[in-house]
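Reader: I would like a close look at a single part of this model, beginning from one side chain and working outward from there. Please keep each statement tied to its distances and accessibilities, since I intend to go through the coordinates alongside your text.

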Amino acid sequence: MSKPIEVAPSILNADFSNLRSELAKVENADWLHLDIMDGHFVPNLTFGPPIVKAIREYSTLPFEAHLMVTNPDFYVVPFREAGCKRVIVHCETALHLHRLIQMIQAEGMEAGVALNPATPLEMLDLDLILPELSIVLLMTVNPGFGGQTLIKGVLKKIERLRRVIDDEKLDCRIGVDGGINQETAVEVVSAGADLLVAGTYVFKNQVSPSQVIQELKKLSC
Ligand code: DX5
Ligand code: ZN
């Protein structure tokens with residue numbers, strides 16, 4: 001059974017010249033989603049631990065770092081030192097995923113794994129990996145940029161993962177990331193998602209970010 005919906009605004013499409021005031025607009029969210037891109041794993045370059053450290057004191061939200069980088073193990077300690085509570089790594093970049101998850105947990109953080117749209121759920125071993133995770137982040141766009149359109153084919157993957165998590169009685173959230181707005185949120189939540197990452201819809205909306213977040217949180221499965 002899904003949990004109450006959590007909302008994690010992504011600052012990727014926030015006003016980077018005004019991050020302090022942008023953060024103040026999303027204080028009613030559950031997490032702050034930090035899209036870390038290195039220009040290798042994805043064709044875009046964003047920001048790293050120094051920026052995360054600089055904004056830490058201007059938000060009361062727990063920080064989750066979404067590492068869209070090669071060599072994610074290089075960055076676990078720096079993002080813990082910068083103030084992150086969770087690190088989400090792409091299984092496509094982890095040569096030794098079990099060891100990487102142990103490393104994240106050894107730093108006192110929650111571990112999550114992200115899967116690109118084309119990556120099958122079978123990459124998450126049911127005995128060794130899935131039970132260790134606080135979240136599986138199913139990419140609903142191909143990673144690298146905000147403002148893309150949700151890939152509808154991922155809905156079936158969400159449904160399958162929901163069945164697995166419920167059958168195994170795991171305490172793991174199903175997050176979705178990319179192309180989330182009020183309409184697509186209804187679809188992904190009814191498929192079984194219970195954490196919504198939204199960037200463009202939150203920060204590039206006529207309605208205030210806090211009101212957008214409030215509306216998204218009202219959804220329930
Ligand atoms: C894409 C990122 C997403 C993105 C949010 O690689 O992982 O978090 O910034 O996407 P939108 O803007 O579609 O909500
Ligand atoms: Zn993301």
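Author: In this predicted model, the place to begin is serine 17, which sits in the loop that runs between strand β1 (6-9) and helix α1 (19-24). Serine 17 has a relative accessibility of 64% and therefore counts as exposed, yet its side chain still has a polar partner, the side chain of aspartate 15, at 2.5 Å.

From this loop we can turn to histidine 33, which belongs to strand β2 (residues 32-37). With a relative accessibility of 0%, histidine 33 counts as buried, whereas serine 17 counts as exposed. The side chain of histidine 33 is joined to that of glutamate 64 by a polar contact of 2.7 Å. Leaving aside residues up to four places away in sequence, histidine 33 touches Ala8, Pro9, Ser10, Ile11, Glu64, His66, Leu137, Asp177 and Val197.

Two of those neighbours, His66 and Asp177, lead on to ligand 1. Asp177 is among the residues that come nearest to ligand 1, together with Asp35, Gly144, Gly199 and Thr200, out of the 21 residues around it. Histidine 66 places a polar side-chain atom 3.4 Å from an oxygen atom of ligand 1. At glycine 144 the partner is a polar backbone atom, which is 2.7 Å from an oxygen atom of the ligand, and at threonine 200 it is an N or O atom of the side chain, 2.6 Å from a ligand oxygen. Taken alone, ligand 1 exposes 380 Å², and the protein buries 99% of that area.

Ile11, which histidine 33 also touches, opens the way to the nonpolar interior. The largest nonpolar core has 66 residues, and those that touch the most other members are Ile11, Leu34, Leu133, Ile158, Val188 and Leu196. Helix α5 (residues 154-167) gives the most to this core, with five residues. Leucine 196, with residues up to four places away in sequence left out, is in contact with Ile5, Glu6, Val7, Ala8, Val176, Ile180, Ala185, Val188, Val189, Leu216 and Leu219. A second, separate core has 10 residues, including Trp31, Ala114, Met139 and Leu195.

Helix α5 also carries lysine 157, whose relative accessibility of 6% means that this residue counts as buried. The side chain of lysine 157 reaches the backbone oxygen of threonine 119 at 2.7 Å. Threonine 119 is also among the residues that lysine 157 touches, the others being Leu115, Asn116, Pro117, Ala118, Leu121 and Leu138, again without counting residues up to four places away in sequence. Its C-alpha atom is 23 Å from that of lysine 218, which lies 61 residues away along the chain.

The last element to look at is helix α4 (residues 97-106), whose buried residues are Leu97, Leu100, Ile101 and Ile104. Viewed down the axis of α4, these residues fall within an arc of 100°, so they line one face of the helix. The spacing fits a general rule: an α-helix has 3.6 residues a turn, so residues three or four places apart point the same way. Arg99 and Ala106 are exposed on the other side of α4, while the buried residues pack against α3 (76-81), β4 (84-90) and β5 (110-115). After α4 comes glycine 108, which has a positive phi, near 80°.

Note on methods:
Residues are numbered from 1 along each chain as its sequence is written. Chains are lettered from A and ligands numbered from 1 in the order in which they are written. This is a predicted model: local features need pLDDT of at least 70, side-chain atom pairs count only at pLDDT 80 or more; totals for chains, interfaces and linings use all residues. Side-chain values use heavy atoms; hydrogens and water are left out. Buried means under 20% relative accessible area, exposed over 50%, partly exposed in between (1.4 Å probe, protein chains only). Helices (H or I, at least four residues) and strands (E, at least two) are DSSP runs, numbered from the N terminus. The arc is that of the directions from the helix axis to the C-beta atoms. Contact means heavy atoms within 4.5 Å. A residue is near a molecule or strand if one of its heavy atoms lies within 4 Å of it. A polar contact is a pair of N or O atoms within 3.5 Å; within protein, one must be able to donate a hydrogen and the other to accept it, and residues adjacent in sequence count only if both atoms are side-chain atoms. Accessible areas come from the Shrake-Rupley method with a 1.4 Å probe; for residues, only the protein chains shown count as cover. A nonpolar core is a set of buried Ala, Val, Leu, Ile, Met, Phe, Trp, Tyr and Cys residues joined through side-chain atoms within 4.5 Å.
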